[in-house]
Amino acid sequence: MVLNTLSDLKNIVAGGPRKKLILAAAQDQHSLGAVLKAWKENIVDPILVGDTESIQNICISNNYDITGLRIIHEPDLLKSVEMSVRMVNSKQADVLMKGMVGTSTLLKCVLNKDWGLRTGNLLSHFALFEVDTYHKVIAVTDVAMNIAPNLKDKIAIVNNSVSCLLRLGYNMPKVAVLGAVEMVNENMEATLHAALLSKMNQRDQIRNCIIDGPLAFDNAVSLESAKHKGIKSEVAGDTDILLMPDIEVGNVLYKSLVFFAKAKVASIILGALAPIVLTSRSDSEQAKFDSILLAAASCK
Amino acid sequence: MVETVLSLKRKYCVAVAWAQDPHTIGAIHRTVSEGFIDAYLIGRTSDIIKTCRSEGINEKLFKIVEAASETIASSMAVAMTKNGQADIVMKGLVGTDIFLKAVMNKKNGLMLPGAVLTYVGAIQIPAYHKLLFITDPAVIPYPNLAQKVSMASYAVEMAHRFGISKPSVALLAASEKTGKHFSSSADYSAMVEMAEKGEIKDCIMDGPLDLFLACDKNSVEIKGIKTPVNGEADILMFPSLESCNPFYKALMLFAHGELAGIIRGTEKPVVVMSRSESQISKYYCIALSCLMV
């Protein structure tokens, strides 16, 4: 099974019980709008934690109908985040989403040793793209969280992403480890990492996926390009997950797909007890909605 | 760009190393038919003729020169350009490393003394309102400050040739915030200062900027950041080959982009394209190189 579009995620969500999403510090118009849209479309059951009065004011001025929605009043920002995280920790909710609070504040709570959402895994950012010039959705990771992952981190990033796709119903997703070239070059660490990851995959040290790399971007996504260069690879031209060498590479690529290729994107944080939705003000309404959709679909 | 080249009313001569693949021959054929190029195709004569015939192209339009291997073809193409038989040298189906070795050969190569060898490309994307010049997707893996300065200067010079008198240069990073995590921030700060003091001439330079701040006015407004580039970048300077290479490939494959680019730091234009590049991109590269002769 593969996903052809992000909307296909709706079929996954429709097949199971409705997931509960907690919006931490919910008095935030940008995230609130997307959460309510997802609620209306039966994607999630939201719980809003934050300042009730501000939440209601936002809803009134934007004509949002929140009749019947559960709101937990906690005017203090930090306390509302802590409460939200604790509720996810105690399985009262399935998805955590950031509202009117800084990313670092939220992550600090997520990483709390006593009541946070630690699993022992590295947290990583996972972006799922729908580009009309590619035959299926393609995940790009990590473009926002880990700045310069070492080999160990990259193994964790691959495992996080592979588990996510497996939960969505994939079988043996194909992972391309991106390089600027497809040859191993001792001066380019990313290509060495790529070779090691591929070998570890062959030896079953990284399971449930097929890894190949280094692959340059064109070979990862275009069979024609790979053939032209004489590259034989099960992954070439059919990549499900594109592993980035570092954030500098990933971030520009992510933004160019959004801005220049008009791609649709859904992104979540993986590696915690529950998927986390961290959208930013500059994300489109659609991207926020799709991220919630992805989070709901990828819950265990 | 092609119109500008045609308006020069000049014919340029290209020497192509290991010119045996349909994309290369197809691109050369178009430039020859349009009347701005004469071409030497250097390689195995029998293979060249075979490719021409299977593409329905008359091989007599070109001067075919026999060479037994990729390495020999590369050296011959470079030598012919150095001695003035050709104005431009171009890579065919040969690997980039072999080809560049010939270009960089101390005695017979084409390097200008002390120059930094790098690559500048011009990319046309339907979703952007103008041409975007990028550097370096192909040559220097992790440029140091001096190399970055050369790269920026070459890109500015290319933009000038396209009639952009004061191009905006965005020094790209993952974020507009400088920080110890991002190795390029220090270089970028130095470069912005050099541009202000006129050491990098005739451009507007700012960085670090992320791609949105470089190319999207909307994002500049939302984030409330003051930058002279202001979402109107003409030139994107990348921190590494690793980041520039997937950028342009993604634009070509996913955003209907077309790239033309050449090597800089040489006495004559050197055209190097990935072997998998399309015929139309190769065609644009040849046209671009004519502008840079």
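Colleague: Where does His256(B) lie?

Modeller: His256(B) sits in the loop between α10 and β10 (258-264) of chain B. Bear in mind that this is a predicted model.

Colleague: What makes you call His256(B) partly exposed, rather than buried or exposed?

Modeller: The count of neighbours does. A residue is buried with 20 or more other C-beta atoms within 10 Å, and exposed with 12 or fewer. His256(B) has 14 of them within 10 Å, so it falls in between and is partly exposed.

Colleague: And what is the phi of His256(B) like?

Modeller: Phi is near 55°, a positive value in a residue other than glycine.

Colleague: Which residue of chain A has a positive phi although it is not a glycine?

Modeller: Asn63(A) does, with phi of about 60°. Asn63(A) is also in a loop, the one between α3 (52-61) and β3 (70-73) of chain A.

Colleague: How do you know whether Asn63(A) is buried or exposed?

Modeller: Same kind of count. Asn63(A) has 6 C-beta neighbours inside 10 Å, and the cut-off for exposed is 12 or fewer, so Asn63(A) counts as exposed.

Colleague: Back to α10 of chain B. Is Leu241(B) buried or exposed, and why?

Modeller: Leu241(B), found in helix α10 of chain B, has 24 other C-beta atoms within 10 Å. Being buried takes 20 or more, so Leu241(B) is buried.

Colleague: What does Leu241(B) touch, if we skip residues up to four places away in sequence?

Modeller: In chain B, its contacts include Asp136(B), Pro137(B), Ala138(B) and Val139(B), and from chain A there is Ala180(A). Take Ala138(B): it is 103 residues away from Leu241(B) along the chain, yet their C-alpha atoms are separated by 6.1 Å.

Colleague: Since Ala180(A) came up, how many residues does each chain put into the contact between chains A and B?

Modeller: Chain B gives 32 residues and chain A gives 33. On chain B's side, the elements with two or more residues there are α8 (211-215), α9 (217-223) and α10 (241-254). The largest share, eleven residues, comes from α10(B).

Colleague: How does that side of chain B divide by class?

Modeller: It has 21 nonpolar, six polar and five charged residues.

Colleague: Now α7 (residues 184-196) of chain B. How do you know that its length fits a helix of 13 residues?

Modeller: By comparing two numbers. At 1.5 Å a residue, its 13 residues should span 18 Å, and the end C-alpha atoms are 18 Å apart, so the two agree.

Colleague: What makes you say that the buried residues of α7(B) line one face?

Modeller: The buried ones are Ser184(B), Asp187(B), Tyr188(B), Met191(B) and Ala195(B). Looking down the axis of α7(B), they fall within an arc of 100°, so they line one face of the helix. On the other side, Ala186(B), Glu193(B) and Glu196(B) are exposed.

Colleague: What covers the buried residues of α7(B)?

Modeller: The cover includes α6 (145-161), β7 (168-172) and β8 of chain B. Just after α7(B), Gly198(B) takes a positive phi of about 85°.

Colleague: Which peptide bond involving β8 of chain B is cis?

Modeller: The one from Gly207(B) to Pro208(B), with omega near -5°. Pro208(B) is in strand β8 (residues 204-209) of chain B. In chain A, a cis peptide bond joins Gly213(A) and Pro214(A), where omega is about 0°. Pro214(A) belongs to strand β8 (residues 210-215) of chain A.

Colleague: How do you know whether the radius of gyration of chain A agrees with that of a compact globule?

Modeller: A compact globule of 300 residues would have a radius of gyration near 19 Å; chain A has 19 Å, so it agrees. Its C-alpha trace spans about 60 × 40 × 30 Å along the principal axes, and 58% of its residues are buried.

Colleague: What does the domain assignment of chain A give?

Modeller: Domain 1 (6-118 + 272-297) and domain 2 (124-259), with centres 29 Å apart over C-alpha atoms. Four residues of domain 1 are in contact with five residues of domain 2. The four on the domain 1 side are nonpolar.

Key
Residues are numbered from 1 along each chain as its sequence is written. Chains are lettered from A and ligands numbered from 1 in the order in which they are written. This is a predicted model: local features need pLDDT of at least 70, side-chain atom pairs count only at pLDDT 80 or more; totals for chains, interfaces and linings use all residues. Two residues are in contact if their C-beta atoms, placed from the backbone, lie within 7 Å. Helices (H or I, at least four residues) and strands (E, at least two) are DSSP runs, numbered from the N terminus. Ala, Val, Leu, Ile, Met, Phe, Trp, Tyr, Cys and Pro count as nonpolar, Asp, Glu, Lys and Arg as charged, and the others, Gly among them, as polar. The radius of gyration is taken over C-alpha atoms; the globule rule is 2.2 Å times the number of residues to the power 0.38. The expected span of a helix is 1.5 Å times one less than its number of residues. The arc is that of the directions from the helix axis to the C-beta atoms. Domain bounds come from an automatic or database domain assignment.
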